[in-house]
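Visitor: I would like to walk through this protein with you, one question at a time. Could you show me the sequence and the structure before we begin?

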Amino acid sequence: MVVLLVGGSSVLMDAMIDKLNKNGHRVYLLTGQKENRSSYRHVFEKYNFPYDSGSVKEILESVKPDAIVFTGAFDSNFSWETPRPDGVRYMTALMNILSAYSVLKKGRFLYFSSQEVFGGAYPYKIEEDETAAPKGFRAMALAQGEETCANFRKTQGTDTVILRFDNLYWVPEKGQTEDNPCFRMCLEALKTGKISANGRKSFSMIYLNDAVEQVYKLICAEDPKHACYHISSMEEIGEPALAQLIQEEMGSGIQVVDSTVGMESCLLLDGGRYAGEFDWKIMNPYDASVKRVARFMKRHSASFITEEDAGGGLAVKAWNNARRIFKALFPFLENLICFIPFFLLNNQAAGSRFFAKLDFYLLYVLLFAVVYGQQQAIFSGFLAAIGYFFGQMQVQSGFEVLVDYNTYVWMAQLFIVGLVVGYLKDQLHFIQSESKSRVQYLHGQLSDIEEINDSNVRMKHNFEAQVVNHKDSLGKIYDISSTLEQYGPEEVLFYAAQVLGKLMDCGDVAVYTVANGDYARLFSATSPEARKMGNSIKYTAMEKMYGELKERRVYINRNMEEKMPMMASAVYSEDEMQLILMLWGIPWERMTLGEANRLTIVGFLIQNAVVRANRYLEALRNRRYVEGTNVLDESAFTLLAKAFSDAKEKGLTEYVLLEILAEEQNYENVASALGSAMRQTDYLGILKGGRLYALLPNTNRDNIGGIVERFRNAGYECRVEEAVL
C-alpha cells in the first residue's frame, strides 16, 4: 500500500512512519515547508512544498496514494501562536489538498481532529454524531476542517474519514511543548513544584502507540462503515488521579494542590463505534504511560524549564541554581582557559623573526571584545597586562618594567582598542534587542488594531441590524424592562434574569446576589448552562472578571475561557455590589463595545427595579416579620413561597421547603437556635396555621442532607414539604 503522510516533523509523524514501514507499506511525505531539514530513514520520498503550492496536485498524481493522512490538529507547521492567521493558513492548506485529492479520485483521506471541537462539558459520553461546539480560533478551524471533509464526501463522493483523538499524549521530545493534560501537569510540577487539580474535572486520554494502532487499522480497512470515528481509550480519569500518578513518579518534592471550583465538568469521547467495527484493545494504561512521560520529563527537566522557574524539590532547585551560576561564570572561565594558549604563543613568538611583530595579546583582547563585549574586554585586557608584565620580567626587573613608559603606552593601546570594540559590540547587541522588542511591540499593536477593527465591523453590523428591524431600540429596551414593574417585590429578581435574557437575546442568563464581601449565591437562572458555575461562587477570586466589575465596567471574555461567562456586569446600590448579571450564550461576534453598552443600560434599568423593591420591603420590615425575630409572618411568607413556586415552574430557580417540627410556638427561640445553621440567603417563615418553615433557595432534595443535619444538631427535626400552599 502507498501512503502519503501530510504534516511537519513530530513524535506522531515518526510513530506513523515507523508503523507503516514495519508493516511493509511505502511511505511518502509532504512536509508543508520549502526547507525541511528533518531526515526520515523510512520515507521513500520527501516533498518539501508548502500546502498551498500548485505542485500539490502534481505530487498526488505522481504518487497515486492509496491513503492520504492529513495530521491536522497535530501538524507542527501550525504553531497557533497567532490563531487568526494560522486558522486562515490551515483552511487554505486543507482546501488545496482536498481539491487535489478529489481530482485524483483514488484512495482514502484521513483527517486528524481532536476533542477540542467540543468546547464545553457534557454529562454523557460524546458520540460521533454530536454537533461540534468549538471555542477559540484553533477549535473553530478544526471543526471547519471536519465540515469541509464531510462536504467533500457528500458532494464529490470522496472517501474522507474524520478521526477525533481524545487528549492524545506521548513522551515529548526534549524542549518541545505539547498540548495535553499530562504534559501540562508535568510541566507545572517541574516549574513550580506543585500540581493544581480540580476535583470536579475529568476526561479521558489515549497514548500515542494505542492511537497509531487504531489509525493503522482504519488505513488498511477495505470499507469503513462510517465517515467519523472517535479514537479514545474511554477510560475516564480525574485531574486529582492524574496528578497523583505524576507525583508518584516525580517524587515527594511535588505537591498536589486542590483547586476544585465550579460544577462537575467531564469531556469524554465515546469510542464505541470504532470498538464495534474493529478489534480494540488498550495496551498502554494510564498508570504505565503517564509515569513514562513524567519519568522522561523529570530526567530531562533542564530542557523544559527556564532559569526563572522555581522547580520542584530541593535537588531540582539546587541543579537550577548551579546551572544559573555556571552560565554566569562560563565567559570568565572561557576567558581564563583561552588566555593560556595566547600567553604561550606570545612567549614563543618573542624570539621569532616572523612573529615578533605580531601582538597575540591584542588579538586575544579583540576576540573577547567582539564575542562578549566590554565586560569581557576589560577582563581579558587585565589578564593580558599580567601576562605582558611577567613576559617582560624575563628580560628586565620588575621595577624597570613598572617605570618603562612603553608598558603604559602598550596597556593604553590594548584597553582603548578593547573598550572601543567592546562598546561597539554592546551597542550592536542593544540595537538588535531594541529592534526585536520594537517588532514584538508593533506585532502587539497590530493585533490590537485588528481586534479593534473586528469589533468596529461587528458594531457596524449590529447598528445596521438596529436600523433595519428596530429590535434593539432604546424604546423597546425600556418597554421590556418596565415589565418588571408589574411583578411584586418578592418576584423582581426572578424575572430580572428572564427580562435580561430577552433584552440581550441570550438564552443562558444567571443572576447572583452578593452574600458578603467575597461570595455570591445564585438566585435565578434561565438554563442549566447558566448554572454551571455553581450555586455559590467566590467572585473575588476571579481576578479578570472582578477587576472589571469593581471598576463598574462590563467584563467581556475575549479569551473564550470556558469556565467564565461570555459577559458579566454588576448592579450597585449606594457603592455596594448587590447583583452580578452573567451571560453565557453570547456568540463571539456579538462580544463588542456596543453589546457591552447595551448590557450597562439594561443593568441600570434592572437596578432601578431591584433597588425600588428592596426599599419597599425594608420600609415594611416591621409589618412583615414577627416582632423581635427574623421570621416572616404568614402573609409575607406566603407571597414569598408563591413567588419561588411560580419561578420554579418556569425553570428560573430551585428551592426546597422544610417544615420545622417545633412543639413550642416561641418563634424567637426557634429562630435564635437555627440562626447559625442557616445560610444568608435562606428564609424562615410561618405557613398554614402557625407552623414554622424554612425556605432554601437554589437547593434540591439531593443536597439538603447537610442542612437537615445542622437543624437536627440545633435540636429541631424537619421534613420536606411537597406542596407550597
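Guide: Here are some questions and answers on this model, which is predicted.

Visitor: Let us start with the overall picture. What percentage of the residues count as buried?

Guide: The protein has 22 helices and 25 strands. Among contacts between residues at least 6 apart in sequence, 69% join residues at least 24 apart. Of the 725 residues, the share that counts as buried is 47%.

Visitor: Now the nonpolar interior. Which helix gives the most to the largest nonpolar core?

Guide: In soluble globular proteins, nonpolar side chains tend to be buried together. The largest nonpolar core here has 76 residues, and those with the most contacts inside it are Leu5, Phe109 and Leu163. Nine residues of this core come from the helix that gives the most, H3 (residues 83-104).

Visitor: And how many residues are in the second, separate core?

Guide: Cys186, Ile246, Val290 and Ile305 are included in that second core. It is separate from the largest one, and its number of residues is 28.

Visitor: Phe109 belongs to strand E5. How many of the residues of E5 are buried?

Guide: Arg108, Leu110, Phe112 and Ser114 point one way from E5, while Phe109, Tyr111 and Ser113 point the other way. Residues on both sides are buried. Strand E5 (residues 108-114) is therefore largely enclosed by the rest of the structure, and its buried count is seven of seven.

Visitor: Which residue stands opposite tyrosine 111 of E5?

Guide: Strand E4 (residues 67-70) is joined to E5 by four bridges, and the two run parallel. Within this pair, the residue opposite tyrosine 111 is phenylalanine 70.

Visitor: Just before E4 there is a loop from helix H2. Is lysine 64 in that loop buried or partly exposed?

Guide: Lysine 64 lies between helix H2 (55-63) and E4. Its phi is positive, about 50°, although it is not a glycine. Most residues other than glycine have a negative phi. With a relative accessibility of 46%, lysine 64 counts as partly exposed.

Visitor: Let us turn to helix H9. Why do its buried residues lie on the same side?

Guide: Helix H9 (residues 286-299) reaches 19 Å from its first C-alpha to its last, close to the 20 Å expected. Its buried residues are Tyr286, Ser289, Val290, Val293, Ala294, Phe296 and Met297. What covers them includes helix H5 (181-192) and helix H7 (239-250). They sit on the same side of H9 because the arc they cover around the axis is only 160°.

Visitor: Next, the open sheet of six strands. Which strands stand at its edges?

Guide: The six strands follow the order E17-E16-E15-E20-E19-E18, with antiparallel pairing. Each edge strand has a single partner, so one side of each is left without a neighbour in the sheet; these strands are E17 (536-538) and E18 (555-556).

Visitor: Which residue of E17 does arginine 521 stand opposite?

Guide: Strand E16 (residues 519-525) pairs with E17 in the antiparallel sense over three bridges. Opposite arginine 521, the residue in E17 is serine 536.

Visitor: One last thing about this sheet. What angle does helix H17 make with E19?

Guide: Helix H17 (residues 543-550) packs on the sheet and touches E18, strand E19 (567-573) and strand E20 (576-583). The loop between H17 and E18 holds arginine 552, which has a positive phi near 60°. As for the direction of H17, its angle with that of E19 is about 40°.

Note on methods: Residues are numbered from 1 along each chain as its sequence is written. This is a predicted model: local features need pLDDT of at least 70, side-chain atom pairs count only at pLDDT 80 or more; totals for chains, interfaces and linings use all residues. Side-chain values use heavy atoms; hydrogens and water are left out. Two strands pair if DSSP finds at least two bridges between them. Contact means heavy atoms within 4.5 Å. Axes are lines fitted to C-alpha atoms, for helices over the stretch in contact, and angles run from 0 to 180 degrees between N-to-C directions. The expected span of a helix is 1.5 Å times one less than its number of residues. Buried means under 20% relative accessible area, exposed over 50%, partly exposed in between (1.4 Å probe, protein chains only). The arc is that of the directions from the helix axis to the C-beta atoms. A nonpolar core is a set of buried Ala, Val, Leu, Ile, Met, Phe, Trp, Tyr and Cys residues joined through side-chain atoms within 4.5 Å.
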